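Thanks, everyone. I'll walk you through one structure today, starting broad and ending on details. Here it is.

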Amino acid sequence: MRRHLVAALVALPAAVLVLLGLPLALERDDQAVRQLSHSRIQQARAMKNLAAEVARSGDSAKAREHIADFQDRTGGRVQVYDVSGRALVGALCILSADELRQREPVQAALRGDFVDSGEQKVSWQAAELVVAVPVIEHGRLVAVVVICSFLDDLQVDVVTQWILIAVVALFALALGALLAEPLARWILRPIRFLERAALDFAAGDHHARVPVDQGPPELRVLAETFNHLAEQVQHQVRVQQSFVADASHQLRSPLVALSLRLENLEPYLDEEGAARLALALQEADRMSRILNALLLLARSESQDQPAQPVDALAVLEERVASWRLVAAPKSVDIDIDMVDGAELLVAAIPGTLDQILDVFVDNALKVSPSGSRLRLRVIADGPAVAVQCQDHGPGMSAADRSRACDRFWRGPDAVPDEGSGLGLAIAASLARANGGEVLLERAPTGGLHAEVRLPAWQPPVTEPFAAPAAIEPVRR
């Protein structure tokens, strides 16, 4: 967009210069021709008496002297004709006397007409400018004065003016191009801030705002509007999260009390009633799990703690040690593939990586067949650290993997009344809170490959501390 704006800022003055500079240059050309033509006509009129005397007496000595002096002073060449078109005296132009007599200005003067200088049409391909003035005494044509002027000097002046106009235009264009880049940056700076803030806001940073003191007034208004919209969205999200957290928390106590009361009814029921009571307790337990998951999800979405260095491998080993007790009765082994012994630190909120791993392992154990194996490992991948979990279960289709992190979504093969459909949604939310993401792919073994990628911990850059200068003892 910046290139288009710079091009527009440069093209506009260029178009203005062309539309104004070209007519100006052409006008200067016409003006130069008119001035020369007018000057030669006035000089030809000044020679009327001299031409009339030559036509009456035939003495051309004085006229020759005057014409030579005129040629030395102005560079113009004078030719005098009588009424019959015979050349009386003069200095020849590029054209001969007979060829010159055939020119339209000379023919008009021989007829007694006069062509005004404003009506002279001069082509730049012509070698010289020709003006002719009739000499009339007592109403009778007695001679014609013709002045020829080379256009070389005039063309040099005109070309010089063209070059001057071109230089001024190029300087204006260069100045416009030089100013277009900072002007475009100044105009687009609020848009870049707005784009960055919108991306951060979409990524979950609801504190992203746009500075309102940059760029043109119209974009400042847009920045203020975005900030107001962001505040409203942040407020609504905060209200929603608070409601979910409060509702989940408030419902836990009545649900626990309800479960206790149901359990206390067991001694008073027959065999059929006990079976129905067991189903009711299962539903109450399932509702309790859903409430706990909702509470955890609300807390994960409202995380506002600074990231700290977390040893991903140490967390993985600690969680695997706990889950092996659960996996042993199912005859499922959990192994950790040691890629290397290096310490892999991630930038994460304390406790979030533990919960993500619990979701991965819990889901993998539910679908792993007896005698299978879970493989977990931690690898460094550029600016991120990936923690992976692979199982030997049935896996998921591409369509199911694309929806697996949606809230309350459960696969078509999920066991009824088992799970809440919030586990992967919680894991994805916790990963986003840390600036990472959850990826689900097909494992080489045919099962599911679950992976969480978190940013690697970057130690803060500290300025080198300059040792203070030694304090010299005070000498008394």
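Buried residues account for 36% of the 476 residues in the protein chain. Keep in mind that this is a predicted model.

Now the overall build. The chain has twelve helices and eleven strands. How much of its contact network joins residues far along the sequence? Take contacts between residues at least 6 apart: 65% of them join residues at least 24 apart. On the outside, the protein chain exposes about 28600 Å². Carbon and sulfur atoms supply 57% of that area.

Let's go inside. In soluble globular proteins, nonpolar side chains tend to be buried together. Here, the largest nonpolar core has 44 residues. Which residues have the most contacts inside it? They are Leu353, Phe360 and Val452. Helix α10, residues 352-367, gives the most to this core, with eight residues. Another core lies apart from it, with 24 residues. Ile41, Met47, Ala52 and Val131 are among them.

Back to Val452. Leaving out residues up to four places away in sequence, Val452 touches Leu353, Ile356, Phe360, Val385, Ala386, Val387, Ala431, Glu437 and Val438.

Next, a pair of strands. Strand β10 covers residues 437-442, and strand β11 covers residues 448-455. They run antiparallel, joined by six bridges. One bridge pairs Leu439 with Glu451 in β11. The two strands form a hairpin, with five residues between them. In the turn, Gly446 has a positive phi of about 100°.

Now to strand β1, residues 77-82, where we find Asp82. Is Asp82 buried or exposed? It is buried, because its relative accessible area is 11%, and the cut-off is under 20%. What does the Asp82 side chain meet? It makes a polar contact of 2.8 Å with the side chain of Ser84. Not counting residues up to four places away in sequence, Asp82 also touches Leu88, Leu110, Val142 and Ala143.

Last, the cysteines. A disulfide is a covalent bond between the sulfur atoms of two cysteines. How many disulfides does a search of the whole structure find? Zero. Two cysteines are worth a look for their surroundings. Cys389 is buried, at a relative accessible area of 2%. Cys405 counts as partly exposed, because its relative accessibility is 25%, and that class runs between the 20% and 50% cut-offs.

To recap: two cores came up, one of 44 residues and another of 24. The β10 and β11 hairpin and buried Asp82 are good places to start when you open the model.

Note on methods:
Residues are numbered from 1 along each chain as its sequence is written. This is a predicted model: local features need pLDDT of at least 70, side-chain atom pairs count only at pLDDT 80 or more; totals for chains, interfaces and linings use all residues. Side-chain values use heavy atoms; hydrogens and water are left out. A disulfide is a pair of cysteine sulfur atoms within 2.5 Å. Buried means under 20% relative accessible area, exposed over 50%, partly exposed in between (1.4 Å probe, protein chains only). A nonpolar core is a set of buried Ala, Val, Leu, Ile, Met, Phe, Trp, Tyr and Cys residues joined through side-chain atoms within 4.5 Å. Helices (H or I, at least four residues) and strands (E, at least two) are DSSP runs, numbered from the N terminus. Contact means heavy atoms within 4.5 Å. Accessible areas come from the Shrake-Rupley method with a 1.4 Å probe; for residues, only the protein chains shown count as cover. A polar contact is a pair of N or O atoms within 3.5 Å; within protein, one must be able to donate a hydrogen and the other to accept it, and residues adjacent in sequence count only if both atoms are side-chain atoms. Two strands pair if DSSP finds at least two bridges between them.
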